[in-house]
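Reader: I am new to reading protein models. Could you take me slowly through one part and what surrounds it? I would like to follow a helix and its partners.

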Amino acid sequence: MQKLKSLTAIVGVSILLFACGSTPLVISTPIENIDSSPLKVSELTEDEKHHWGHLDLAKDTVPGMSVDKAYAEIIKNKKGQSVIVGVIDSGIDINHEDLNDVIWTNEDEIPNNGKDDDNNGYIDDVHGWNFLGDGYNEQLEMVRILVSGDTDNPDYAAAQAEYEKEYQIWSERKVQYDQLYQQIKSADEILTKHFGKKDYTKKEVAAIKTEDEALNMAAQIANYMFSNGLDTMADALKEISDSLVSINDRINYNLNKDFEGRVNGDDPDDMSTKYYGNGNVKPVKKSESHGTHVAGIIAAERNNGLGDNGVANNVKLMCIRTVPNGDEYDKDVALAIRYAVDNGAKIINGSFGKSYSPHSDWVREAIAYAGKNDVLFVHAAGNDSKNVDVEPNFPDDNVNGVEVSDNYIRVGALTPKYGSNMVGSFSNYGKNNVDVFAPGASVYSTTPENEYHTKDGTSMAAPGVTGIAALIRSYFPTLTAPQVKKILMDSGLPLKTKVIVGGDSSNIKPFSELSKSGRIVNAYNALIMASRIVNASL
């Protein structure tokens with residue numbers, strides 16, 4: 001109570017909240033200026049690390065979305081309508097223990113009979129559609145532009161310059177990581193021999209006093225790894241090894257001009273062929289975990305004692321595998337949006353993006369199509385630490401600043417630490433082209449084969465917003481997609497805190513300048529504002 005009294009009101013009006021009886025419940029809810037609240041000095045507990053995105057900034061001093069507060073004080077035991085959410089992403093593990101009960105099923109399709117029972121053009125699309133078929137690795141779009149050889153393409157010169165820069169960066173990084181891996185491996189072997197065991201401890205390494213040059217160097221390497229938060233040399237080797245997988249993928253596939261990843265047989269530059277791929281929406285390998293992680297953030301089954309709770313209840317996830325290990329094709333994205341709309345989705349989550357988009361018009365037309373059909377499209381802002389008002393990130397919803405529809409909302413990423421480091425160093429931003437911010441760093445969620453892991457990215461921020469949108473559409477189904485977008489933007493917490501932008505400590509701006517709303521999304525406020533709008537129209 002003392003904390004509340006010390007704050008300045010953000011939303012201080014009496015608002016009508018939905019109620020089962022004939023008399024509406026009136027709530028007076030002052031939510032106040034968080035900028036004057038104390039910073040959290042203690043480290044997050046393990047539970048908080050897994051759940052921080054659902055916490056409340058005023059109560060917990062963590063920049064979460066007040067999801068727990070929304071359930072405890074507003075939703076409680078109320079019954080909402082089921083909402084279909086289309087997840088355009090990589091493969092999703094639909095058999096995951098924390099997702100299997102929230103996966104959409106096309107009731108008009110008979111599984112595995114090889115027929116298009118519902119006549120929508122897609123055979124056996126029981127839980128969604130896979131536009132990639134058996135494909136997995138892909139080039140980046142800038143590489144495809146160069147491979148086309150079309151020097152008249154207005155993006156050709158920029159793509160060439162960026163390719164040369166990127167190839168050099170990743171080639172040098174590969175050499176560095178290869179060397180680092182060998183150094184750690186050698187140090188681990190020397191220390192294992194010295195101690196006569198592999199499970200030596202930090203304390204034991206720190207106590208080494210020796211004239212042996214090789215042993216001394218091994219101890220220095222180990223101590224350096226430990227100082228960077230790693231508990232064992234085995235952890236260090238795994239982290240470097242995982243990084244090398246990504247580096248090699250970048251060089252061998254994403255930046256490889258000779259690589260051909262598309263296996264569907266269709267022409268990605270010809271929109272007349274639309275029915276390709278298959279109905280298998282699962283990942284092709286365990287490491288294809290992105291889509292499963294996104295799905296869990298939105299709607300992992302709540303209160304079942306497994307993993308962590310998704311933001312939204314009453315959701316069915318439509319799985320649309322469209323995003324490869326590389327850049328997605330515009331054609332696939334446009335068709336995926338239309339598939340989601342035509343098959344009943346009310347919200348689409350798009351946790352993907354790229355800097356070049358040869359057929360951006362196809363995607364914008366699909367976004368506008370979604371808008372005409374009252375479907376909200378939630379898009380991740382991107383992870384390039386860039387101002388997307390200046391350097392574009394696709395898909396977008398505007399041509400020369402003019403929006404094609406009012407159903408698109410773009411999301412930047414927050415970290416768990418309120419204050420100057422609150423914005424993810426990787427997160428894109430933009431006063432005009434990013435709408436809101438949401439938790440996106442160190443987000444814990446589902447991964448394939450009944451596992452759970454923490455990931456970073458605006459890819460993790462967008463599904464948090466999608467989850468809140470699903471709550472609004474579930475409990476206030478009469479609200480339109482543009483109304484839901486406006487609620488998400490207007491009901492968030494407006495902060496004036498100065499933050500480090502793009503990971504550059506010399507670039508400090510007020511948080512309010514990084515997005516159109518200057519706010520972080522807030523489920524509690526959003527539901528209150530939604531009820532106010534609905535009751536005002538009665």
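Author: What follows looks at helix H15 and its partners, then at a hairpin and a loop residue.

The model is predicted. Keep that in mind throughout.

Start with helix H15. Helix H15 covers residues 523-536. Which helices pack against H15? One is H14, made of residues 481-490. Another is H4, made of residues 67-75.

Take H14 and H15. Their axes lie 9 Å apart, and the packing angle is about 135°. Angles over 145 degrees would count as roughly antiparallel, and 65 to 115 as roughly perpendicular. The pair falls in neither class, so H14 and H15 are oblique to each other. Their crossing is right-handed. Now look at the side that H14 offers. Gln483, Ile487 and Asp490 in H14 make the contact. On H15, they meet Ala526, Met529, Ala530 and Ile533. By class, this contact of H14 with H15 holds 5 nonpolar residues, 1 polar and 1 charged.

Turn to H4 and H15. Here the axes are 7 Å apart, and the angle is about 40°. An angle under 35 degrees would count as roughly parallel. The angle of about 40° is therefore oblique, for H4 against H15. From H4 come Val67, Lys69, Ala70, Glu73, Ile74 and Ile75. From H15 come Ala523, Tyr524, Leu527 and Ile528. The contact of H4 with H15 divides into 8 nonpolar residues, 2 charged and no polar.

Next, the hairpin. Strand S14 runs over residues 443-447. Strand S15 runs over residues 451-455. The two strands pair in the antiparallel sense, over 5 bridges. Thr447 stands opposite Glu451 in S15. Between the strands sit 3 residues. In this hairpin, Glu449 takes a positive phi near 65°. Is S14 buried or exposed? Buried means under 20% relative accessible area. In S14, 5 of the 5 residues are buried, so the strand is largely enclosed by the rest of the structure. In a regular strand, side chains alternate between the two faces of the sheet.

Last, a loop residue. Where is Gly121 found? Gly121 belongs to the loop between strand S5 (83-89) and strand S6 (128-130). Its relative accessibility is 27%, so Gly121 counts as partly exposed. Setting aside residues up to four places away in sequence, Gly121 touches Asp116 and Tyr275. Compare Gly121 with Thr273. They are 152 residues apart in sequence. In space, C-alpha to C-alpha, Gly121 and Thr273 are 11 Å apart.

Technical notes:
Residues are numbered from 1 along each chain as its sequence is written. This is a predicted model: local features need pLDDT of at least 70, side-chain atom pairs count only at pLDDT 80 or more; totals for chains, interfaces and linings use all residues. Side-chain values use heavy atoms; hydrogens and water are left out. Buried means under 20% relative accessible area, exposed over 50%, partly exposed in between (1.4 Å probe, protein chains only). Helices (H or I, at least four residues) and strands (E, at least two) are DSSP runs, numbered from the N terminus. Two strands pair if DSSP finds at least two bridges between them. Axes are lines fitted to C-alpha atoms, for helices over the stretch in contact, and angles run from 0 to 180 degrees between N-to-C directions. A crossing is left-handed if the near helix is turned anticlockwise from the far one by less than a right angle, and right-handed if clockwise. Contact means heavy atoms within 4.5 Å. Ala, Val, Leu, Ile, Met, Phe, Trp, Tyr, Cys and Pro count as nonpolar, Asp, Glu, Lys and Arg as charged, and the others, Gly among them, as polar.
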